[in-house]
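Please open the structure in a viewer and keep the selection tool at hand. The tour below proceeds stop by stop, stating what to select and what is to be found there.

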Amino acid sequence: MLFSLAPLWLFSLLSASAAPTIAPAQAPAKLPPLAWSANRPLTWDDFKARPNTDRLEALTSSTIDAKVGCVDYQFSAQVKAVFTPSESWVRNAARATPALLRHEQLHFDLTELHARLLRQKFSLLKLDCEHLQPAFGNITKAAFLAWQREEARYDQESNHGLNTARQQAWEQQVQQRLVQTQAFALQ
């Protein structure tokens, strides 16, 4: 038995200026997702989609991919944070600031943080393979809700990265929490 749960959560930075709406272009080819790595931060080259709104300067599409299964009645889970290049975009990479990229990276870092918290939760629970539901569904639903709420709070408090002081505070806080959850990072 194998389950996969990967709801999509999109993140963005509001534009500081009004630009004309760009009509949706033909969808780019589906590219493989990028797994989060401390050694491989995002670059603007990773953002492959075309802008589809005039209100945003960039959009990050990331998710928590959770696959669980039972082998010989032993529960196992694989949870990873992934970035979707074919759904992520930057309006103008040549004009985009390093601060904007840091803001988008922190969305991906928050995804990793919540993937680690879900791994931690799975490591502490003794799930019964014969009665996996509704426990698995309830755990993942709560985890995804907490992640989505924190992502929304991050954008609200940092004003989508435009409030420099709050952006820096979030960067420090998330980095500290990544260190605190290092035991649940993928090797």
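Select Cys129 to begin. In this predicted model, Cys129 counts as buried, because its relative accessibility is 6%, under the 20% limit for that class. Add Cys70 to the selection: this residue is buried too, with a relative accessible area of 18%. The two residues form a disulfide, and their sulfur atoms are 2.3 Å apart. Such a disulfide is a covalent bond between the sulfur atoms of two cysteines. The count of disulfides comes to 1.

Is this disulfide of Cys70 and Cys129 left-handed or right-handed? The torsion about its S-S bond is about -95 degrees, so the disulfide is left-handed. Cys70 belongs to strand S4, whereas Cys129 sits in the loop between H1 and H2, so the pair ties together parts that are 59 residues apart in sequence.

Remain in that loop and move along to Pro134, which is found between helix H1 (98–124) and helix H2 (135–157). Display the backbone here: the peptide bond from Gln133 to Pro134 is cis, and its omega is near 10 degrees.

Next, select helix H1 as a whole. Its 27 residues reach 39 Å from the first C-alpha to the last, close to the 39 Å expected at 1.5 Å a residue. The helix is mostly covered, as 19 of the 27 residues in H1 are buried.

Now return to the strand that holds Cys70, and show S4 together with S5. These strands run antiparallel and are joined by 10 bridges. As an example of facing residues, select Gly69 and Ser76: Gly69 stands opposite Ser76 in S5. S4 and S5 form a hairpin with 2 residues between them. One residue in the turn is Asp72, which has a positive phi of about 50 degrees.

Select Tyr73 as well, located in the loop between strand S4 (56–71) and strand S5 (74–83). Tyr73 is not a glycine, yet its phi is positive, at about 65 degrees. Is Tyr73 buried or exposed? Its relative accessibility is 60%, so Tyr73 counts as exposed.

Keep S5 on display and add strand S3, residues 34–35. S3 and S5 pair in the antiparallel sense over 2 bridges. To view one residue pair, select Leu34, whose bridge partner in S5 is Phe83.

From S3, continue to the loop between S3 and S4, and select Thr53 there. Thr53 counts as buried, because its relative accessibility is 18%. Which backbone atom does the side chain of Thr53 reach? The side chain of Thr53 reaches the backbone nitrogen of Arg55, at 3.2 Å. When residues up to four places away in sequence are not counted, Thr53 touches Trp89 and Arg91; both may be added to the selection.

For the last stop, select His160, found in the loop between H2 and helix H3 (164–180). His160 is a residue other than glycine with a positive phi, near 55 degrees. With a relative accessibility of 16%, His160 counts as buried, whereas Tyr73, visited earlier, counts as exposed.

Note on methods: Residues numbered from 1 in each chain as written. Predicted model: local features only at pLDDT ≥ 70, side-chain atom pairs only at ≥ 80, totals over all residues. Heavy atoms only, no water. Helix = DSSP H or I, 4+ residues; strand = E, 2+ residues; numbered from the N terminus. Buried < 20%, exposed > 50% of the residue type's maximum accessible area, 1.4 Å probe, protein only. Pairing = 2+ DSSP bridges. Polar contact = N/O pair within 3.5 Å; in protein donor to acceptor, adjacent residues only side chain to side chain. Contact = heavy atoms within 4.5 Å. Disulfide = S-S within 2.5 Å. Expected span 1.5 Å × (residues − 1).
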